[in-house]
Amino acid sequence: MSGLIKSSIARKVVMALSGLFLVFFLGQHFVINITSVIAPDTFNSWSHFMGYNPLVQYVLQPILIAGVVVHFVMGIALELKNTRARAVKYVKYSGGSNAPWISRNMIITGLVVLAFLGLHLYDFWVHEMVYKYIEGHPEDATRYHAETVEKFVPVWRTVLYVIAFVLLALHLLHGFASSFQTMGINNKYSSGIKTFTKIYAVAIPLGFVLIAIYHHLNPITH
């Protein structure tokens, strides 16, 4: 029994650490993407750097992919374990007597976000791999802004991005704060950390939503 408890705690810690890493990457990703709205030339410059810098491509990118895989594998494993261990299943949700809706549906919001990541990789990462290594185009450091805006021309893609980021916000509202609790951080700064995680969980996904809508409403005309 002690071994099972330790194993479960270890999985939660791994999931918390990988989640915090992904939250950090999300913020960095937002900083770059918001420049596509306010400073297209800067967006082109930063995107070119991220796309061709060896450290980013061959070290940080594999670490990021590993972090995504680890986080979601640990989340699914813990959810399956909790489902099997749950002796009494709730027939219905009765207000605050059970866990909040967000915490009870982390696996659902997580899987939707994972599906969105698949679309995002297809839209951008796969495109980059084809552009650089299959079609072998000469590099154009000014192409990134136009390519990004073009992705949001279809209404269906913009709507999918908006829905995905709303669900990401719900996922972060519970998961971000829970990560610090899992790490055992419980001190005088806990209240401030909790407030920060709530603001971050709403502000960053909302920022991505506004970026998607802005580019949909402001397509590049040739």
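User: Where is Ile 134 found?
Analyst: Happy to help! Keep in mind that this is a predicted model. Ile 134 is one of the residues of the nonpolar surface patch. As for its place in the fold, Ile 134 sits in helix 5.

User: Is Ile 134 buried or exposed?
Analyst: Let's compare its value with the cut-off. A residue counts as exposed when its relative accessible area is over 50%. Ile 134 has 66% relative accessibility, so it is exposed.

User: Which helix gives the largest share of the nonpolar patch?
Analyst: Good one to work through! The patch is formed by Leu 55, Tyr 58, Val 59, Leu 60, Ile 63, Tyr 133 and Ile 134, with about 760 Å² of accessible area together. Helix 3 (54-85) and helix 5 (106-134) each supply at least two of these residues. The largest share, 5 residues, comes from helix 3.

User: Why does Thr 158 count as buried?
Analyst: Start with its place, which is in helix 7 (residues 155-182). Leaving out residues up to four places away in sequence, Thr 158 touches Phe 152, Ala 212, Ile 213 and His 216. Buried means under 20% relative accessible area. Thr 158 is buried because its relative accessible area is 6%.

User: How many Å does helix 8 reach from its first C-alpha to its last?
Analyst: Helix 8 covers residues 190-217, which makes 28 residues. Among its buried residues are Ala 212, Phe 208 and Tyr 200. At 1.5 Å a residue, the expected span is 40 Å. The helix comes close to that, reaching 41 Å.

Terms used
Residues numbered from 1 in each chain as written. Predicted model: local features only at pLDDT ≥ 70, side-chain atom pairs only at ≥ 80, totals over all residues. Heavy atoms only, no water. Patch = residues over 30% accessible without salt bridge, like charges linked within 9 Å, V, L, I, M, F, W, Y side chains within 5 Å. Areas by Shrake-Rupley, 256 points an atom, 1.4 Å probe, with all protein chains shown as cover. Salt bridge = Lys/Arg side-chain N within 4 Å of Asp/Glu carboxyl O. Helix = DSSP H or I, 4+ residues; strand = E, 2+ residues; numbered from the N terminus. Buried < 20%, exposed > 50% of the residue type's maximum accessible area, 1.4 Å probe, protein only. Expected span 1.5 Å × (residues − 1). Contact = heavy atoms within 4.5 Å.
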